[in-house]
Structures are given as structure tokens and as C-alpha cells.
Amino acid sequence: MTQYSGQPDDSTVKYQPGDTVAVRVDNPGGHFRTPRYIQGQTGRVHKLCGIFPNPESLAYGGDGQPAQPLYRVEFSQSQVWSEYAGPSSDKIYVDIYQHWLEPATAVA
Amino acid sequence: MTRLNTSSNGHGDHDHEDHPGMAHDEELGYYALRARAMEALLVEKGVCSPTEIQNMVDRVEARSPADGARVVAHAWADPEYKALLLSDPEAALAQLGYSLPETTPKLDVVENTENVHNLVVCTLCSCYPRALLGRPPDWYKSFSYRSRAVIDPRGVMREFGLDVPAEVEVRVLDSTADLRYLVLPRRPEGTEGMSEDQLAELVTRDSMIGVTEVRAPESARAG
């Protein structure tokens, strides 16, 4: 079983809609579902999508436990892409498992 | 291992065995061969049976954008149904006879309004609401769409003929995980007198991905 940093301890829901969160920068090796372009970005929890078996464990025949809360996180497009061509109100939503998130303070 | 030599030939229900002289015709490309090998291994290791694989293939092949269009048209015609579709998509689909199998990823429905336009992509692979819409179009799986839809969604939509006004917020949804998205497009003006079946005819696959909007028929636009 592949070991990776940021391995989750439990399935407790830690974040609420509206919370500001940062996406960890990591390269666990093997299968993970947090796109590179969103790593290191700060966003806002839009909603809790549910609690799902951890895909990083499932991909290697594991049981996916502890299951992870999955959040839809909202990011500002112009913050994610420095040369974003559209209006500053445009958003990107990415579904991210809890063990990839850290508490953060809101960006100005 | 029997499936390697029987019905699954990559051409749908067209069976090479039916044509004299083609029984040993091997035209499989790299990916088709790889899929066959993986399928054979899954069966050999007892992960799933050939019947289960075929059932899943049949299930996906049985769905098409017409199924999604039916759901969208019903939501346009019935506000209560629309509210249910947005809050509990699985219950709403079940009402129209679409029961999603347990193994299917959860479906979420996002509504386009006069202020918000949603666009769906899967940057990691090709996640798509197959249980309702069937297989995704080839362009949806292309590297070009998958990268550009997040970086320049408005430019991509313009190439599909849709110019979203600057005052409308564009929301890109990257389906990276356990959810699949269906866009509920806006009902076009001039369709007030149309029946649900007529409305469903207007709803395209692309409008349920969000790269286009639903357009009223020429007759309704002329006025």
C-alpha cells in the first residue's frame, strides 16, 4: 500500500460552507484526484458533497477508510489564473477531499 | 477468457462472426487490445463476470442525451419537479423511471439562470453523467477541451457559438471526484406554448454540458 503524506486520520467533517480553505501542495505518487492547477490555491467551501471512501486508497485495492468528507470549493478564476481573460466575478468549482485542505484566512 | 474470441468486437452489435472470411480479422488498435486484456484479467481474477461487464456496457449504451432532454423538459414544465431535481436529483430521476445503479457516482444538477452560466469539464479524465446521458462526445475527452475549459471557458464557449455576456458569472465545474454534473439549461423565450415533448426536442447534449444554450425553434425566434 502506497504511503502518502497527508494521510487522513478520521472522517470527521472539519469545514462548513463559507469557510476559507487552502489546497495543500503535494505529490503523493500514484493516484490522486486533486488537480495540480488548484494546489496551493485558496478558496471558499461552497458545500459538503458527502463522505466518500478515499480514492487514493481504493486505487490500490485498499478499503478507502477512513472515508473522507468531499467539499465543493469555490475559487476565483482571476486568482487561479493570473492572465484570466474573463470578468473577476467568474468562478471555478473543484470537488476536493478533506485531507487535501487546510484552514486559511480569507484573501483580500 | 472466452470474451476475447466472441461477441465484444468493439463495433457495437455488429458481429464479425456473421461475415464469412472475417472471423479471424484482427483490426484492433492498441487501446482496444489493452481494454480486452484488462477485461480478461478482471474475469480471470474473479473481480467481475463477463455478464456483469456486458450489462454495464448495455446500460451505458441504452442511455443518450434524449434521456437528459426529457428530464430537462419536465423540469421546465413543472416548477415543483425542477425544485426536486435541484435538491434531490436521484429522487427526481426515479420519478421519470431512471433508477441509477448503486455503483454510479452521485449526480448533481446545476441550474443556468440569467445571472449564472455553468460549464462542466473533467480535467483529470472524462467523468461525465453517463448513467443519464450515455457516452460523452469525443471532444469532451480531448486534452484541448480539458485544459482550455478551465483556463479560458468563455473562449471555448465562443467557439461553440455562445458568447456569455460579461455581467453573467461563468462557473466552471471540474468533476474531479465522486460527483457528476448535469447542467439544467435556461428555457428559451418563445417556447411558452410548446409541449414537453416539443421542448425535449430542443435540448441538446452540448447544452447539458454547458458549452451552448438551448435555442428556440426558428418559428418562435422570428417573432
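This is a tour of a predicted model with chains A and B, one selection at a time.

**Chain A as a whole**

Begin by selecting chain A alone. Chain A holds two helices and five strands, and from the N terminus these elements follow the order β-β-α-β-α-β-β. Its radius of gyration is 14 Å, close to the 13 Å given by the globule rule for 108 residues, so chain A is as compact as a globular protein of that length. Along the principal axes, the C-alpha atoms of chain A fill a box of roughly 45 × 25 × 20 Å.

Colour chain A by burial next. Of its 108 residues, 30% are buried. Now look at the contacts between residues of chain A at least 6 apart in sequence: 61% of these join residues at least 24 apart.

**The sheet across both chains**

Show the strands of both chains. Which strands form the open sheet, and in what order? Seven strands take part, in the order β5(A)-β1(A)-β2(A)-β3(A)-β4(A)-β3(B)-β2(B), and the pairing is mixed. At the edges are β5 of chain A and β2 (116-121) of chain B, each of which pairs on one side only. On average, neighbouring strands of this sheet are turned by 35 degrees against each other, direction ignored.

Go through the sheet pair by pair:

- Select β3 (residues 68-76) of chain A with β4(A). These strands run antiparallel and are joined by seven bridges. One place to zoom in is S76(A), whose bridge partner in β4(A) is K91(A).
- Select β4(A) with β3 (residues 169-174) of chain B. Here the strands run parallel, joined by four bridges. Y93(A) stands opposite L173(B), and V94(A) stands opposite D174(B).
- Select β3(B) with β2(B). The pairing is in the parallel sense, over six bridges. N118(B) stands opposite R171(B) in β3(B).

Keep the two strands of chain B on screen. Five of the six residues of β2(B) are buried, so this strand is largely enclosed by the rest of the structure. The same count applies to β3(B): five of its six residues are buried, so β3(B) too is largely enclosed by the rest of the structure.

Add helix α8 of chain B. α8(B) lies across β4 of chain A together with β2 and β3 of chain B, and runs at about 150 degrees to β2(B).

**Where the chains touch**

Select the residues at which chains A and B are in contact. How many residues does each chain bring to the contact? Chain A brings 19 residues and chain B brings 20 residues. On the side of chain A that touches chain B, the elements giving two or more residues are β2 (42-52) and β4 (91-97) of chain A. β4(A) gives the most, with six residues. Coloured by type, the residues on this side of chain A divide into twelve nonpolar, three polar and four charged.

**The largest nonpolar core**

In soluble globular proteins, nonpolar side chains tend to be buried together. Select the largest nonpolar core of this model, which has 59 residues. Those touching the most other members are I96(A), V72(B), L119(B), V121(B), V172(B) and V203(B). Helix α3 (residues 65-77) of chain B supplies the largest share of this core, six residues.

Centre the view on V121(B). Apart from neighbours within four places in sequence, V121(B) is in contact with Y145(B), R146(B), A149(B), V150(B), V172(B) and D174(B).

**Two single residues**

Select L101(A), in strand β5 (residues 101-103) of chain A. With 23 other C-beta atoms within 10 Å, where 20 or more count as buried, L101(A) is buried. Leaving out residues up to four places away in sequence, L101(A) touches Y15(A), V21(A), V23(A), Y71(A) and I96(A). Add D10(A) to the selection: L101(A) and D10(A) are 91 residues apart in sequence and 14 Å apart in space, C-alpha to C-alpha.

Finish at D152(B), in the loop between α8 (143-151) and α9 (153-159) of chain B. Is D152(B) buried or partly exposed? D152(B) is partly exposed, with 18 other C-beta atoms within 10 Å. From D152(B) to Y140(B) the separation is twelve residues in sequence and 15 Å in space, C-alpha to C-alpha.

Methods
Residues are numbered from 1 along each chain as its sequence is written. Chains are lettered from A and ligands numbered from 1 in the order in which they are written. This is a predicted model: local features need pLDDT of at least 70, side-chain atom pairs count only at pLDDT 80 or more; totals for chains, interfaces and linings use all residues. A nonpolar core is a set of buried Ala, Val, Leu, Ile, Met, Phe, Trp, Tyr and Cys residues joined through C-beta atoms within 7 Å. A residue is buried if 20 or more other C-beta atoms lie within 10 Å of its own, exposed if 12 or fewer, and partly exposed in between; C-beta atoms are placed from the backbone. Two residues are in contact if their C-beta atoms, placed from the backbone, lie within 7 Å. Ala, Val, Leu, Ile, Met, Phe, Trp, Tyr, Cys and Pro count as nonpolar, Asp, Glu, Lys and Arg as charged, and the others, Gly among them, as polar. Two strands pair if DSSP finds at least two bridges between them. The radius of gyration is taken over C-alpha atoms; the globule rule is 2.2 Å times the number of residues to the power 0.38. Axes are lines fitted to C-alpha atoms, for helices over the stretch in contact, and angles run from 0 to 180 degrees between N-to-C directions.
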